[in-house]
Structure formats: C-alpha cells, structure tokens
Amino acid sequence: MVNIGNDWDEILAPQFSAEYYRNLREFLKEEYRAYTIYPDMYDIFNALKTTAFCDVKAVILGQDPYHGAGQAHGMCFSVKPGITPPPSLKNIFTELHSDLGIKIPNHGCLSSWAENGVLLLNTVLTVRAGQANSHKNRGWETLTSEIIRQLSLREKPVVFILWGGPARSKKPLIGRSHLVLEASHPTPLSAYNGFFGCKHFSKANNFLREKNLPEVDWSIADLHE
C-alpha cells in the first residue's frame with residue numbers, strides 16, 4: 001500500500017483501494033520491470049509527501065514527468081540538483097524574475113517551493129524513458145483529479161495555477177472560492193502566447209494576502225558547490 005506519511009493518506013485511502021488504482025498498480029509493476037520508467041518508484045509521490053493537504057497554498061499543475069535520464073523526481077517542472085533545467089523550467093524562471101525580480105537560481109530543483117506550500121502536481125505521475133505521455137489514460141488522471149477535487153472542497157482558499165491545455169482542462173473541478181490562474185504552457189513552443197507576462201507569481205500572493213493567508217516565498221536559493 002501507498003504510505004505518503006501525512007494527511008493525504010486518509011484523504012486518498014478510498015482511491016488507493018479502488019479497482020482503477022489496483023489496475024494501475026499492476027500496470028506499473030510490469031512497466032518498471034520491463035522498461036526504464038521515470039521517476040524512480042520511490043519518488044512517484046514526492047509532491048504529496050513534501051506538501052501536506054493542510055499546508056497547500058498553491059497548486060502548479062503539470063502534464064507528465066520529464067522523460068529524460070535523471071530529470072524527474074516526483075514534482076512537476078522540477079529536476080534533481082545537478083541536472084540542467086529544461087527549456088520550460090528556464091522560461092518559468094524568466095517569468096519569475098520578470099514578475100517579482102527574483103534571482104534565477106543555478107539549478108532547477110523546486111523542492112523549496114514544495115516545502116513552502118506549493119503542490120507541484122503532474123496529472124500523470126509516471127512515464128517511460130523517452131516517451132512522453134506513455135502512461136496517459138492508465139488511471140493516474142483519476143487520482144490527480146480527485147486530489148484537485150479534495151483541495152477544491154477545502155474551506156481555506158487555494159491558488160490553482162494551470163499552464164497549458166491539459167492543466168486547464170481541470171478547471172471545471174475547481175470551486176469558485178479559489179483563485180484559478182490560466183496561461184499557455186511555458187514550453188518554448190507556446191511561452192510567447194500568453195505565458196510570458198502572466199504574472200502568476202505576484203497574482204497568487206496578492207490573492208493569498210487578500211485572504212489573510214501566508215504568501216508563498218517564491219525565491220530559490222542557489223546550490224553551493
């Protein structure tokens with residue numbers, strides 16, 4: 001059984017015992033045995049492990065994990081320390097600097113955001129090496145939709161940051177008491193179609209401040225050699 005280690009365990013227990021999840025689990029056993037799958041099986045739920053349900057201030061919703069060697073570690077858009085930030089993440093840092101003047105870090109690990117209340121959630125949590133969307137429609141979408149639905153039911157407001165079509169398709173799951181911020185995906189293919197200049201980082205904190213809730217510390221410390 002899955003053991004996340006915080007309040008997500010109780011909230012998601014019905015999902016982890018559901019038939020769709022049992023089928024997904026059997027599929028993953030075969031996939032990890034036969035192929036190279038990202039992230040490592042022990043990193044799949046890192047986003048939930050790092051950001052408890054009660055601590056979520058904002059959700060950034062991605063698509064599926066990076067499918068290059070050593071990149072994915074269970075948090076959307078984030079890469080492990082020592083791995084060169086992919087183009088989408090570089091564009092996120094460019095917008096962060098433009099919006100809030102925050103220094104672009106010398107790495108691409110976003111764990112400090114997760115520790116500060118940003119749930120870095122992909123809609124699909126695993127992928128075959130080199131094959132984007134290879135674990136699409138296997139059951140992950142049901143689980144991650146339930147995660148979004150549970151956060152939407154929460155009384156304390158949440159900021160939902162939806163970049164790109166797959167993320168924006170989840171908007172109907174979100175109640176009106178929360179803030180939904182939408183833009184094109186930060187990939188170089190679409191970043192100039194509305195991602196650059198969206199100012200989602202400052203808008204998120206403005207909303208949280210208006211609700212008398214703690215803001216997100218969007219700064220990312222450099223890693224020291």
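Which elements do the buried residues of α8 pack against? In this predicted model, the buried residues of α8 pack against α4, α5, β5 and β6. The buried set in α8 comprises His200, Phe201, Ser202, Ala204, Asn205, Phe207 and Leu208. Polar residues are included, among them His200, Ser202 and Asn205. Helix α8 spans residues 200–210 and gives two or more residues to the largest nonpolar core.

Both flanks of α8 carry a positive phi. In the loop between β6 and α8 lies Lys199. Phi of Lys199 is near 55°, although the residue is not a glycine. Lys199 has 37% relative accessibility and therefore counts as partly exposed. Just after α8, Asn212 takes a positive phi of about 60°. Asn212, too, is not a glycine. Its relative accessible area is 73%, so Asn212 is exposed.

The largest nonpolar core has 37 residues. Those with the most contacts inside this core are Ile60, Trp113, Leu120, Val159, Trp163 and Trp218. Besides α8, the elements that give two or more residues to the core are β2 (58–62), α4 (87–100), α5 (111–115), β3 (118–122), β5 (159–163) and β6 (179–183). Apart from this core lies another, of 34 residues. Ile148, Leu151, Ala167 and Ile174 are among the residues of that other core. In soluble globular proteins, nonpolar side chains tend to be buried together.

Strand β3 was examined next. Of its 5 residues, 5 are buried, so β3 is largely enclosed by the rest of the structure. Val118, Leu120 and Asn122 point one way from the strand, whereas Leu119 and Leu121 point the other way. Such alternation between the two faces of the sheet is what a regular strand shows. Strands β2 and β3 pair in the parallel sense, over 5 bridges. Within β3, Leu121 has Leu61 opposite. Leu120 touches residues remote from it in sequence by more than four places: Ala47, Ile60, Gly74, Met75, Cys76, Leu110, Trp113 and Ala114. Two of these contacts, Ile60 and Trp113, are themselves listed with Leu120 among the residues with the most contacts inside the largest core.

Helix α6 covers residues 140–153. At 1.5 Å a residue, its 14 residues should span 20 Å, and the end C-alpha atoms are 20 Å apart, which agrees. Burial is extensive: 11 of the 14 residues are buried, so α6 is largely enclosed by the rest of the structure. The buried residues are Trp140, Glu141, Leu143, Thr144, Ser145, Glu146, Ile147, Ile148, Gln150, Leu151 and Ser152. Two of them, Ile148 and Leu151, belong to the core of 34 residues. The cover over the buried residues of α6 includes α1 (8–16), α2 (19–34), α3 (46–50), β2, β3 and β5.

The packing of α2 on α6 was then described. Their axes lie 9 Å apart, at an angle of about 130°. The two helices are therefore oblique to each other. From α2, Tyr20, Tyr21, Leu24 and Leu28 meet Trp140, Thr142 and Leu143 in α6.

Glu146 is a charged-type name in a buried list, and its surroundings were examined separately. Glu146 is found in helix α6. Its relative accessibility is 12%, under the 20% limit, so Glu146 counts as buried. Beyond its neighbours within four places in sequence, Glu146 is in contact with Leu12 and Gln15. Ile11 is 135 residues from Glu146 in sequence, yet the two C-alpha atoms are 9.6 Å apart in space.

Two loop sites complete the description. A cis peptide bond joins Tyr38 and Pro39, with omega of about -10°. Pro39 lies in the loop between β1 (37–38) and α3. Cys109 sits in the loop between α4 and α5. The relative accessible area of Cys109 is 9%, so this residue is buried. Leaving aside neighbours within four places in sequence, Cys109 is in contact with His73, Ser78, Val79, Pro81 and Ile220. The C-alpha atoms of Cys109 and Pro85 are separated by 8.4 Å, with their positions 24 residues apart along the chain.

Methods:
Residues are numbered from 1 along each chain as its sequence is written. This is a predicted model: local features need pLDDT of at least 70, side-chain atom pairs count only at pLDDT 80 or more; totals for chains, interfaces and linings use all residues. Side-chain values use heavy atoms; hydrogens and water are left out. A nonpolar core is a set of buried Ala, Val, Leu, Ile, Met, Phe, Trp, Tyr and Cys residues joined through side-chain atoms within 4.5 Å. Buried means under 20% relative accessible area, exposed over 50%, partly exposed in between (1.4 Å probe, protein chains only). Helices (H or I, at least four residues) and strands (E, at least two) are DSSP runs, numbered from the N terminus. Contact means heavy atoms within 4.5 Å. Two strands pair if DSSP finds at least two bridges between them. The expected span of a helix is 1.5 Å times one less than its number of residues. Axes are lines fitted to C-alpha atoms, for helices over the stretch in contact, and angles run from 0 to 180 degrees between N-to-C directions. Angles under 35 degrees count as roughly parallel, over 145 as roughly antiparallel, 65 to 115 as roughly perpendicular and the rest as oblique.
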